[in-house]
Amino acid sequence: MPSAPKVFVITGPSGVGKGTLIRGLLERVPDLELSVSATTRAPRPGEQDGVDYHFLTPQEFERRVAAGDFVEHATYSGNRYGTLRSELERRLESGAGVVLEIEVQGARQVRRAMPAAVAVFIAPPSREALRARLIGRGTDSAEQVDARLQTAERELESQPEFRHVVVNDRLEEATDALVSIVRGEIDGGGSGRI
Ligand code: 5GP
């Protein structure tokens, strides 16, 4: 019997609602933990080091890339983001399933490095909806919103690479869909890789 998948990659464009969907997923599926990523981006108001991200200087990030400390890493909107191997392994060793909230380049790297991982692409109901959400959350300047939307165009093209796609139109329905994909993969004990 193949063992149940332990690593779940939640990917899709910035502003699509990955974080909110993941919060709903973690409330409803026990024994899942969210991996805390590293980034060189400046903390937003209210973000805490070690909780929202491990905030690293560009030098420290590159040192850790060279040391092979990352499972995956990518440049996104001029900043570096990555999943630390230590962060992932510590959680897996404790017996938890681990959720990675990452952009598409990182999701591809995880697919290569960990074929047993399960990836879910979160899509917006429309490009207009994505723009409205990025502006509405108020965390990015107008230039940053434009840059993120340009990146989103490329990311949306990668959607067919992913077996699981959830359209985040109504939050409750999208959360149900994500929960059922994850439960199905856990109960199925290992069918349907990315
Ligand atoms: P934000 O700056 O809005 O927190 O994140 C920007 C993008 O980077 C989002 O799409 C987010 O999912 C992605 N991201 C966050 N952590 C990681 C990571 O560890 N690796 C990769 N590849 N992307 C990440």
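## Exercises: a ligand and its sheet

In this predicted model, the strands β5 (70-76) and β6 (79-84) each supply at least two residues of the shell around the ligand. Let's work outward from there.

**Exercise 1.** Find how many residues surround the ligand, and sort the shell by class.

*Solution.* Start with the count: 17 residues surround the ligand. Next, pick out the closest, which are Ser37, Arg41, Tyr53, Tyr81 and Glu103. Finally, sort the shell by class: eight residues are charged, five are nonpolar and four are polar.

**Exercise 2.** Work out which ligand atoms lie opposite the side chains of Arg41, Tyr81 and Glu103, and how much of the ligand the protein buries.

*Solution.* Take the oxygen atoms of the ligand to begin with. A polar side-chain atom of Arg41 is 2.6 Å from a ligand oxygen, and for Tyr81 a polar side-chain atom lies 2.5 Å from an oxygen atom of the ligand. Then turn to nitrogen: an N or O atom in the Glu103 side chain lies 2.7 Å from a nitrogen atom of the ligand. Each of these distances can be checked against the cut-off for a polar contact, a pair of N or O atoms within 3.5 Å. Now add the area: the ligand taken alone exposes 510 Å², and the protein buries 96% of that. As for the site itself, the ligand sits in the largest pocket.

**Exercise 3.** Place β5 and β6 in their sheet, then name the edge strands.

*Solution.* First write down the order, β4-β3-β6-β5, in an open sheet of four strands with mixed pairing. The two ends of that order give the edge strands: β4 (54-55) and β5 each pair on one side only. Next, look at β3 (residues 38-39), which pairs with β4 in the parallel sense over two bridges. To see this pairing in the structure, find Ala38, which stands opposite His54 in β4.

How values were computed: Residues numbered from 1 in each chain as written. Predicted model: local features only at pLDDT ≥ 70, side-chain atom pairs only at ≥ 80, totals over all residues. Heavy atoms only, no water. Near = heavy atom within 4 Å. Polar contact = N/O pair within 3.5 Å; in protein donor to acceptor, adjacent residues only side chain to side chain. Areas by Shrake-Rupley, 256 points an atom, 1.4 Å probe, with all protein chains shown as cover. 1 Å grid on protein atoms, 1.4 Å probe; cavity = no way out; pocket = protein on both sides within 12 Å on 5 of 7 lines; lining within 4 Å. Sits in = over half its atoms within 2 Å of the grid points. Nonpolar A, V, L, I, M, F, W, Y, C, P; charged D, E, K, R; others polar. Pairing = 2+ DSSP bridges.
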